[in-house]
Amino acid sequence: MRKILISLAATATFALASSTAFSQGYPERNITMVVPFAAGGPTDTVTRLVAETMSKDLGQQILVENVGGAGGTLGASQVAKADPDGYTLLLHHIGMATSATLYRKLPYDTLNAFEYVGLVTDVPMTIVAKKDFEATDLKGLVEYVKANADKISLANAGIGAASHLCGMLFMNEIKVPLVTVPYKGTGPAMTDLLGGQVDLMCDQTTNTTKQIKGGTIKAYAVTSAKRLDALPDVPTVEEAGLPGMQVGIWHGIYAPKGTPSEVTEKLSASLQKALKDPNIVARFAELGTVPVTDAEATPAGLKSKLESEVTRWKPIIEAAGQYAD
């Protein structure tokens, strides 16, 4: 018995030493950060900014790989199955939480298939319309929509996309179902909104700020608690009469389950450092968002956020009755 205990203790000591040695040398080669959406979209933009800055700190290149499809679940599934060695990461948005309900047959357990690195940013949404839409403010928009629901189209970038989730929340708040038009990505949806082929969209500031400033689309409200420096003339949803519409499209970094805690902690520290970089702060501001705090850019911060958001969105999705499978 004594020999067995000694053997087990030696094995545990060796494993701990090996893990520590691994984490001290990490990273020794390029890291792949998977974005579960198409290149050029809002989440891709955030990822590339963060990856570039973290690469400088870690001393190894973080390569961005776009694995789009199925509302972000294809990319997430790929990372869930990857080796837990710290060389494959996932940067996903709020869809990580909503997919737990939107998809009734997910190939992974949302809350338990990953290790957490940290939150990155919480991007506000904007309620926008084609530039010649009749309503002049949010109150008028809601009144017009209620009177003409069967004539109005609400665009989104596909089931599970940020614009789809925000659109569901909008319909839930005003208690009016609308004709939704899903696209294969944010770009095509915005193109048709600009062209007047669809009437409304609710999407991230990272995708709409430039168009709002240029006057090519009409903005009714931002979904943040306070007005944005980038869009000072656009009221908040609370100011405009829909306080329940406060929502942000948060982004977080994950690693496969079993990735050593020493590695996720090192990545978290690098993330925190990156989010203080002047270029990141400035670029995020241009996109209508800000980096999260150090306390949020941690494994515990991201875990808490994901758990609370799964709980928040479950009844909204079930009430809408819109599932992806």
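The structure holds 10 salt bridges. The model is predicted. The exercises below work through some of its charged side chains, one helix and the two domains.

**Exercise 1. A pair inside one helix**

Task: Find where aspartate 44 and arginine 48 lie, and decide whether each is buried or partly exposed.

Solution:
- Step 1. Look for the contact. The two side chains, aspartate 44 and arginine 48, meet in a salt bridge at 2.9 Å, N to O. The cut-off is 4 Å.
- Step 2. Place the residues. Both aspartate 44 and arginine 48 belong to helix H2, four residues apart, or about one turn of the helix.
- Step 3. Recall the geometry. An α-helix has 3.6 residues a turn, so residues three or four places apart point the same way.
- Step 4. Check the surroundings. Buried means under 20% relative accessible area. Aspartate 44 has 5%, so aspartate 44 is buried. Arginine 48 has 36% relative accessibility and counts as partly exposed.

**Exercise 2. A pair across the sequence**

Task: Which parts of the structure does the salt bridge between lysine 305 and aspartate 122 tie together?

Solution:
- Step 1. Take the distance. The side chains of lysine 305 and aspartate 122 come to 3.9 Å, N to O, in a salt bridge.
- Step 2. Find the elements. Lysine 305 sits in helix H11 (residues 299-320), and aspartate 122 sits in strand S4 (residues 114-130), so the pair ties together parts that are 183 residues apart in sequence.
- Step 3. Check exposure. Lysine 305 is partly exposed, with a relative accessible area of 23%. Aspartate 122 is also partly exposed, at 34%.

**Exercise 3. One more helical pair**

Task: How many residues apart are arginine 283 and glutamate 286 in helix H10?

Solution:
- Step 1. Confirm the bridge. The side chains of arginine 283 and glutamate 286 form a salt bridge at 2.8 Å, N to O.
- Step 2. Count along the helix. In H10 (residues 278-286) they are three residues apart, about one helical turn.
- Step 3. Add the exposure. Arginine 283 is partly exposed, at 27% relative accessibility.

**Exercise 4. A lysine without a salt bridge**

Task: What does the side chain of lysine 218 reach?

Solution:
- Step 1. Locate the residue. Lysine 218 is in strand S8 (residues 217-222).
- Step 2. Test for a salt bridge. Lysine 218 is buried but has none; the nearest side chain of opposite charge is glutamate 134, 7.3 Å away.
- Step 3. Turn to the backbone. The side chain of lysine 218 reaches the backbone oxygen of phenylalanine 133 at 2.6 Å. A polar atom of this side chain also lies 3.2 Å from the backbone oxygen of alanine 135.
- Step 4. List neighbours. Leaving out residues up to four places away in sequence, lysine 218 touches several residues, including Ile127, Val128, Ala129 and Lys130.

**Exercise 5. Helix H2 as a whole**

Task: How many residues of H2 are buried?

Solution:
- Step 1. Get the length. H2 (residues 42-58) has 17 residues and reaches 24 Å from its first C-alpha to its last, close to the expected 24 Å.
- Step 2. Count the cover. In H2, 12 of the 17 residues are buried, so the helix is mostly covered. Among them are Pro42, Val46, Leu49 and Leu58.
- Step 3. Step past the end. Just after H2, glycine 59 takes a positive phi of about 80 degrees.

**Exercise 6. Two domains**

Task: How many residues does each domain give to the contact?

Solution:
- Step 1. Read the bounds. The domain assignment gives domain 1 as 29-123 + 249-320 and domain 2 as 124-245.
- Step 2. Take the spacing. Their C-alpha centres lie 25 Å apart.
- Step 3. Count the contact. Domain 1 gives 22 residues and domain 2 gives 19 residues.

Definitions and conventions:
Residues numbered from 1 in each chain as written. Predicted model: local features only at pLDDT ≥ 70, side-chain atom pairs only at ≥ 80, totals over all residues. Heavy atoms only, no water. Helix = DSSP H or I, 4+ residues; strand = E, 2+ residues; numbered from the N terminus. Buried < 20%, exposed > 50% of the residue type's maximum accessible area, 1.4 Å probe, protein only. Lys, Arg positive; Asp, Glu negative; His and termini not counted. Polar contact = N/O pair within 3.5 Å; in protein donor to acceptor, adjacent residues only side chain to side chain. Contact = heavy atoms within 4.5 Å. Expected span 1.5 Å × (residues − 1). Domains from an automatic or database assignment.
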